[in-house]
Amino acid sequence: MTCAGASTSRRERQRILQLLELQMKRWGADVMHPEGNLLVRFGMIRFRVPGQPGSSRYRCRWADHWIELHSTCAGIYSETGAGIVFLRPVGKVYLFTGEEPPPPGGAATSHGVVPRSPDERARFSKSCALLLAWVEAYERWASDHRTPRSRFGLQATANPVPTPR
């Protein structure tokens, strides 16, 4: 799985969708791990925003960006508004241009852009590579902490994710 260059073809975005959908299932199982929440053990901060309904959110820093996960989305965000977001309810991945990650239960499609221009495709590709590098690092760590039973039949990622340069 790569996000090479600025191509971000429909097929590439579809492959990213498949990977992130699988990861969402893994993360859901990891939260319920018998030895404790693996996301928290990996260093993510679990929090809820007062007055916001929905699931807990998990956040950590990665390469000058924020990774944030919750029941309806996963993404990587920066203070400059560049990043990507996978919106599970609509089954789409977008270039994210908002200032704050979408809350649980919020579709946030108003800040999601299908990358079309060369600049948008380049930003999408860079953000995608960073997110996938984090997923790979997490999976390497988590594989040492999961039992075959805790995987709930989920298979390992078929294509390794290259580390961005």
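Start by selecting Trp27 and showing its side chain. Leaving out residues up to four places away in sequence, Trp27 touches Leu39, Leu69, Ala74, Trp134, Val135 and Tyr138. Keep in mind as you click around that this is a predicted model.

**Stop 1: the core around Trp27**

Trp27 belongs to the largest nonpolar core, a set of 28 residues. Trp27, Met44, Ile67, Leu69 and Trp134 are the residues with the most contacts inside this core. Color the helices and strands one at a time and you will see who contributes: α1, α2 (38–42), β2, β3, β4 (73–77), β5 (83–87), β6 (92–96) and α3 each supply at least two residues. Which element gives the most to this core? That is α3, with nine residues. There is some general background for this stop: in soluble globular proteins, nonpolar side chains tend to be buried together.

Another core lies apart from the one you have just visited. To find this core of six residues, select some of its members, including Cys73, Tyr77, Val85 and Phe96.

**Stop 2: zoom out**

Switch to a cartoon view of the whole protein chain. How many helices and strands does the chain have? There are three helices and seven strands. Followed along the sequence, they come in the pattern α-α-β-β-β-β-β-β-β-α. The chain has 165 residues, and 45% of them count as buried. If you take the contacts between residues at least 6 apart in sequence, 52% join residues at least 24 apart.

**Stop 3: two packed helices**

Now select residues 10–31, which are helix α1, and residues 118–143, which are helix α3. Two packed helices are described by the angle between their axes and the distance between the axes. Here the angle is about 35°, and the axes are 12 Å apart. The crossing of α1 past α3 is left-handed.

Show the side chains where they meet. From α1, pick Arg13, Ile16, Leu19, Leu20, Gln23, Arg26, Trp27 and Asp30. On the α3 side, pick Phe124, Cys128, Leu131, Leu132, Trp134, Val135, Tyr138, Glu139 and Ala142. Sorted by class, this contact has twelve nonpolar, one polar and four charged residues.

**Stop 4: salt bridges**

Two of the residues you just picked are worth a second look. The side chains of Arg26 and Glu139 meet in a salt bridge, 3.3 Å from N to O. This pair links distant parts of the chain, with Arg26 in helix α1 and Glu139 in helix α3, 113 residues apart. Are these two buried or exposed? Arg26 has a relative accessible area of 1% and Glu139 one of 12%; the cut-off for buried is under 20%, so Arg26 is buried, and so is Glu139.

Next, select Arg57 and Glu68. Their closest N and O atoms are 2.7 Å apart, in another salt bridge. Arg57 sits in strand β2 (residues 57–62) and Glu68 in strand β3 (residues 65–70), eleven residues apart. Both Arg57 and Glu68 are buried. Add Arg59 to your selection: salt bridges that share partners join Arg57, Arg59 and Glu68 into one network.

For one more pair, go back to helix α3. Glu136 forms a salt bridge with Arg140, with the closest N and O atoms 3.2 Å apart. These two are four residues apart in the helix, so about one helical turn separates them. In total, the count comes to seven salt bridges.

**Stop 5: Ser127 and Ala82**

Staying in helix α3, select Ser127. Ser127 is buried, with a relative accessible area of 4%. Setting aside residues up to four places away in sequence, Ser127 touches Ile76, Ala82, Gly83 and Ile84.

Step across to Ala82, found in the loop between β4 and β5. Ala82 is buried too, at 14% relative accessible area. Beyond its neighbours within four places in sequence, Ala82 is in contact with His65, Ile76, Tyr77, Phe96 and Ser127. Try a distance label from Ala82 to Phe96: they are 14 residues apart in sequence and 6.0 Å apart in space, C-alpha to C-alpha.

**Stop 6: a loop with positive phi**

Finish in the loop between β2 and β3, where Ala63 lies. Most residues other than glycine have a negative phi. Ala63 has a positive phi near 50°. Asp64, in the loop between β2 and β3, also has a positive phi, of about 60°. Ala63 counts as partly exposed at 47% relative accessibility, while Asp64 is exposed at 63%.

Notes: Residues are numbered from 1 along each chain as its sequence is written. This is a predicted model: local features need pLDDT of at least 70, side-chain atom pairs count only at pLDDT 80 or more; totals for chains, interfaces and linings use all residues. Side-chain values use heavy atoms; hydrogens and water are left out. Axes are lines fitted to C-alpha atoms, for helices over the stretch in contact, and angles run from 0 to 180 degrees between N-to-C directions. A crossing is left-handed if the near helix is turned anticlockwise from the far one by less than a right angle, and right-handed if clockwise. Contact means heavy atoms within 4.5 Å. Ala, Val, Leu, Ile, Met, Phe, Trp, Tyr, Cys and Pro count as nonpolar, Asp, Glu, Lys and Arg as charged, and the others, Gly among them, as polar. A salt bridge is a side-chain nitrogen of Lys or Arg within 4 Å of a carboxyl oxygen of Asp or Glu. Buried means under 20% relative accessible area, exposed over 50%, partly exposed in between (1.4 Å probe, protein chains only). A nonpolar core is a set of buried Ala, Val, Leu, Ile, Met, Phe, Trp, Tyr and Cys residues joined through side-chain atoms within 4.5 Å.
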